[in-house]
Amino acid sequence: MSTPRVLATQAAEATIDLLRDEHGPLMFHQSGGCCDGSSPMCFAKGEFRIGGNDVWLGQIHGCDFFMSTSQFEYWQHTQLTIDVTKGRGASFSLEIPLGVRFLIRSRLFSEEEAKDMAPVLNGEEYLETA
């Protein structure tokens, strides 16, 4: 089994379940930028347009997770764990009305993990397979 690039905590999964009950299938996108622009954003599936400037990293709790290509250049050597914390972000992410926000915790892959990385797809490749 390959090393996953993105994971979710139990707290994040519980929040995803609440959001999925209300909004249906979900997706995540991690853009570049500062402040809340660097937080993972949760959308109803298809509400965020994926394209050639995005990379599909895998799924968390049944939700596709994408990142901008430029951001992936910086984070490609790290495993991302999506978590949730109390507080409001200043974004359009679906969890904001719940009084929580998603955040990323990261760690570098070990040399052993790096040998068996989960594959990524660019946004256009993902759209062709979806």
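**Stop 1: H61**

Select H61 first; with a relative accessible area of 30%, this residue is partly exposed, because it falls between the limits of under 20% for buried and over 50% for exposed. H61 is found in the loop between strand 4 and strand 5. The model on the screen is predicted, and the backbone angle at this position deserves attention. Most residues other than glycine have a negative phi. H61 is not a glycine, yet its phi is positive, at about 50 degrees.

**Stop 2: the hairpin around H61**

Now extend the selection to residues 54-60, which are strand 4, and to residues 63-68, which are strand 5. Together strand 4 and strand 5 form a hairpin, with 2 residues between them. How many bridges join strand 4 to strand 5? There are 6 bridges, and the two strands run antiparallel.

Two pairs may be picked out along this hairpin:

- I60 stands opposite C63 in strand 5.
- Q59 has D64 of strand 5 as its bridge partner.

Is strand 4 largely enclosed or left open by the rest of the structure? It is largely enclosed, because 6 of its 7 residues are buried.

**Stop 3: the other neighbour of strand 4**

Keep strand 4 selected and add residues 121-122, which make up strand 8. Strand 4 and strand 8 run antiparallel and are joined by 2 bridges. To find the place, select W56 together with L121, its bridge partner in strand 8.

**Stop 4: the whole sheet**

Strands of a sheet pair through backbone hydrogen bonds, either parallel or antiparallel. Show the strands in the order 3-2-5-4-8: these 5 strands form an open sheet, and its pairing is mixed. Which strands stand at the edges? They are strand 3, at residues 40-44, and strand 8; each has a single partner strand, so one side of each is left without a neighbour in the sheet.

**Stop 5: strand 2**

Next, select residues 26-30, which form strand 2. All 5 of the 5 residues here are buried, so strand 2 is largely enclosed by the rest of the structure. Turn the view to follow the side chains. L26, F28 and Q30 point one way from the strand, while M27 and H29 point the other way.

Strand 2 pairs with strand 3 in the antiparallel sense, over 5 bridges. One place to look is H29, whose bridge partner in strand 3 is M41. With strand 5, by contrast, strand 2 runs parallel, and 4 bridges join the two. Here Q30 stands opposite M67 of strand 5.

**Stop 6: the cavity**

M67 leads to the next selection, since M67 is among the residues that line the largest cavity. The structure holds 1 cavity of 30 Å³ or more, and about 30 Å³ of space lies in the largest cavity. Which residues line it? Select R5, L57, M67, F72, W75, Q76, T78 and L80. Two elements each give two or more residues to this lining, namely helix 2 (69-75) and strand 6 (78-86). By residue type, the lining divides into 5 nonpolar, 2 polar and 1 charged.

**Stop 7: W75**

From the lining, choose W75, which is found in helix 2. Is W75 buried or partly exposed? At 22% relative accessibility, W75 counts as partly exposed, because buried requires under 20%. Beyond its neighbours within four places in sequence, W75 is in contact with M67, L80, I104 and S106. Then add R107: W75 and R107 are 32 residues apart in sequence, while their C-alpha atoms are 9.5 Å apart in space.

**Stop 8: T15 in helix 1**

Move to residues 10-23, which are helix 1, and select T15 within this helix. At 9% relative accessibility, T15 counts as buried. Leaving aside neighbours within four places in sequence, the contacts of T15 are V84, E95, L98, V100 and F102.

**Last stop: confidence**

Finally, colour the chain by pLDDT. The protein chain averages 91, and 95% of the residues score at least 70. Confidence is highest in helix 1, at 98, and lowest in helix 4 (residues 123-129), at a mean of 88. Where pLDDT is low, the predicted coordinates should not be read in detail.

How values were computed:
Residues are numbered from 1 along each chain as its sequence is written. This is a predicted model: local features need pLDDT of at least 70, side-chain atom pairs count only at pLDDT 80 or more; totals for chains, interfaces and linings use all residues. Side-chain values use heavy atoms; hydrogens and water are left out. Buried means under 20% relative accessible area, exposed over 50%, partly exposed in between (1.4 Å probe, protein chains only). Two strands pair if DSSP finds at least two bridges between them. Contact means heavy atoms within 4.5 Å. On a 1 Å grid over the protein atoms alone, a cavity is a set of points where a 1.4 Å probe fits but cannot get out, and a pocket is an open set with protein on both sides within 12 Å along at least five of seven lines; lining residues have an atom within 4 Å of a point. Grid points are joined across faces, edges and corners, and a volume is the space filled by probe spheres set on the points. Ala, Val, Leu, Ile, Met, Phe, Trp, Tyr, Cys and Pro count as nonpolar, Asp, Glu, Lys and Arg as charged, and the others, Gly among them, as polar. pLDDT is the predictor's confidence in each residue, from 0 to 100.
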